[in-house]
Amino acid sequence: MRGARDGGRAPWRALCQDSRDPERQKHWAELFDQLDTNKDGRVDINELREGLARMGMNTSSQAEQEILREGDTDRDGELDFEEFVSYLQERERKLRLMFHSLDRNNDGQIDVSEIQQTFHSLGVYISLQQAEKILQSMDKDGTMTIDWHEWRDHFILNPLENMEEVVHYWKHSTVLDIGECLTVPDEFSEKEKRTGMWWKQLLAGAMAGAVSRTGTAPLDRLKVFMQVHASKTNNMNVFGGLKGMIQEGGVRSLWRGNGINVLKIAPESAIKFMAYEQIKRAIRGQQETLRVQERFVAGSLAGATAQTIIYPMEVLKTRLTLRKTGQYSGVADCAKKILQKEGIRAFYKGYLPNVLGIIPYAGIDLAIYETLKNMWLQKYSRNTADPGILVLLACGTMSSTCGQIASYPLALVRTRMQAQASIEGAPQQTMLGLFKHILSREGVLGLYRGIAPNFMKVIPAVSISYVVYENMKQVLGVTSR
């Protein structure tokens, strides 16, 4: 092993003598030493992956594969020191070009305004606070500027090719569906729209949502069942509700209504995305994305637009979820019977509380998400402005939960209005009438019937979504953002 180690390090002296910068020479040697954990003078893909993870890099970007592909000139699957140095020299050349493109006043330093200008030139709006957070992730000496050495050391082993990729690395977002109304769509760069990457992101998100909803469908059906049928008199709980549904229709009945719940993902996502793009342009212009407050407004309007168009599918989902064995043969039969017995207006029952519920859900979800993410960055993030997928998932789960608590009474009233005509003897009440009826008979707790299974499905739904989404991105060739 010692012979291999000495042989691997033999080129060091010659290569280092060629460099006139001792600090640079020392830095390269230290980097290679950190990666070469078995000290054999060569770095393989596993050592690269582990080394990058130790340095705090987001390994989901498959950086180790990019580095090996670029640097491994003899194609033996490993990097020796000579190949490593050659790779770093090429990386420094690209990084220097990027640094100069950021350093707009050519003073050798990058400041907050230059970061803002760069984002703006690529059609991405960020606030002064966000630009400061990005700068602080690289500013080692506390000067609130980034010099060449800080820039180089931060990105030397991150195989980003140009400033657009750097901006997307800083921006980082994800598309996950946990079965609720995601009112703020993901934003896509102009490059992602031109290359078609946006539809792959949406497709990956839709597939994740479909698998997630199917996996948690029994809990979703139980939630709807309890929203409509649970009361003080019957004391229906989670286990009693599941037992009753299985006794009535068998285990398969737990997935009633899931087909149309999955079916409506694609049109809802597409309509929401297109509406969001149009509303965004009206608010901020052709090239810019939005501030948090503007995203709330645009997201709420886009969500309302999508819900208005696909709302009949929501009514069908509720009716199919609550149906008894043999009541409907399928979606078409359900739609036909509703139309014959109740008329076209039945497909928009509960529409008002549904649209009103979007506002508190979107506002609270987005505000808490941004607050939690920024708190985490301020407290724990020293080396990166990207909190990472797990932190984003945790923030999203907590914010979505808070949003659901705020909007749940409206969701319950919506579901009851959708189901009224299917329940014999049930009065056909208005939104306000139902609120008064529930409060007078059951109190405030009556507005939260079914919230237990709703919360129970959040963590498994998020987990399933994450796993499927990441795998779908790999299958579709979606680049990490």
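**Reading a predicted model, feature by feature**

Modeller: Let us begin in a loop of this predicted model: lysine 39 is placed between helix 2 and strand 1, which spans 42-44.

Biologist: What is the sign of phi at lysine 39, and how should I read it?

Modeller: As a general idea, most residues other than glycine have a negative phi. Lysine 39 departs from that pattern, with a positive phi of about 55° although it is not a glycine. Its relative accessibility is 25%, so lysine 39 counts as partly exposed.

Biologist: Where does asparagine 106 lie, and is it buried or exposed?

Modeller: Asparagine 106 lies in the loop between helix 5 and helix 6, and it too has a positive phi of about 55° without being a glycine. With a relative accessible area of 62%, asparagine 106 is exposed.

Biologist: Turning to the interior, how many residues does the largest nonpolar core have?

Modeller: The general idea is that in soluble globular proteins nonpolar side chains tend to be buried together. Here the largest nonpolar core has 36 residues, and those with the most contacts inside it are Phe84, Leu88, Ile115, Trp151 and Leu157. At least two residues of this core come from each of several helices, among them helix 2 (22-35), helix 5 (81-102), helix 6 (112-121) and helix 8 (148-155). The largest share, nine residues, is supplied by helix 5, and the core draws at least three residues from each of domain 1 (21-99) and domain 2 (103-150).

Biologist: Which residues does phenylalanine 84 touch, leaving aside those up to four places away in sequence?

Modeller: Phenylalanine 84 touches Trp28, Leu31, Phe32, Leu35, Leu79 and Leu157 on that count. Apart from this core lies another, of 12 residues, including Ala306, Ile310, Leu320 and Cys334.

Biologist: How should I describe the aromatic pair formed by tryptophan 151 and phenylalanine 155?

Modeller: A pair of aromatic rings is described by the distance of the centres and the angle of the planes. The structure holds nine aromatic pairs; in the one formed by tryptophan 151 and phenylalanine 155, the centres are 4.8 Å apart and the planes make an angle of 55°, a tilted arrangement. Both residues lie in helix 8, four residues apart, which is about one turn of the helix. Tryptophan 151 is buried at a relative accessible area of 0%, and phenylalanine 155 is likewise buried, at 1%. Ring pairs also link Phe99, Trp148, Trp151 and Phe155 into a cluster.

Biologist: How many disulfides does the structure hold?

Modeller: A disulfide is a covalent bond between the sulfur atoms of two cysteines. The structure holds zero disulfides. As for the burial of individual cysteines, cysteine 334 has a relative accessible area of 0% and is therefore buried, while cysteine 395, at 6% relative accessibility, also counts as buried.

Biologist: Over which residues does pLDDT stay under 50?

Modeller: Where pLDDT is low, the predicted coordinates should not be read in detail. The chain averages a pLDDT of 79, and 79% of the residues score at least 70. Over residues 1-19, however, pLDDT stays under 50, and the model has 17 contacts beyond four places in sequence for that stretch. Residues 172-176 also have a pLDDT below 50, with 18 contacts in the model beyond near neighbours in sequence.

Terms used. Residues numbered from 1 in each chain as written. Predicted model: local features only at pLDDT ≥ 70, side-chain atom pairs only at ≥ 80, totals over all residues. Heavy atoms only, no water. Core = buried A, V, L, I, M, F, W, Y, C linked by side-chain atoms within 4.5 Å. Buried < 20%, exposed > 50% of the residue type's maximum accessible area, 1.4 Å probe, protein only. Domains from an automatic or database assignment. Contact = heavy atoms within 4.5 Å. Disulfide = S-S within 2.5 Å. pLDDT = per-residue confidence, 0-100. Phe/Tyr/Trp six-rings, centres within 6.5 Å; stacked < 30°, edge-to-face > 60°.
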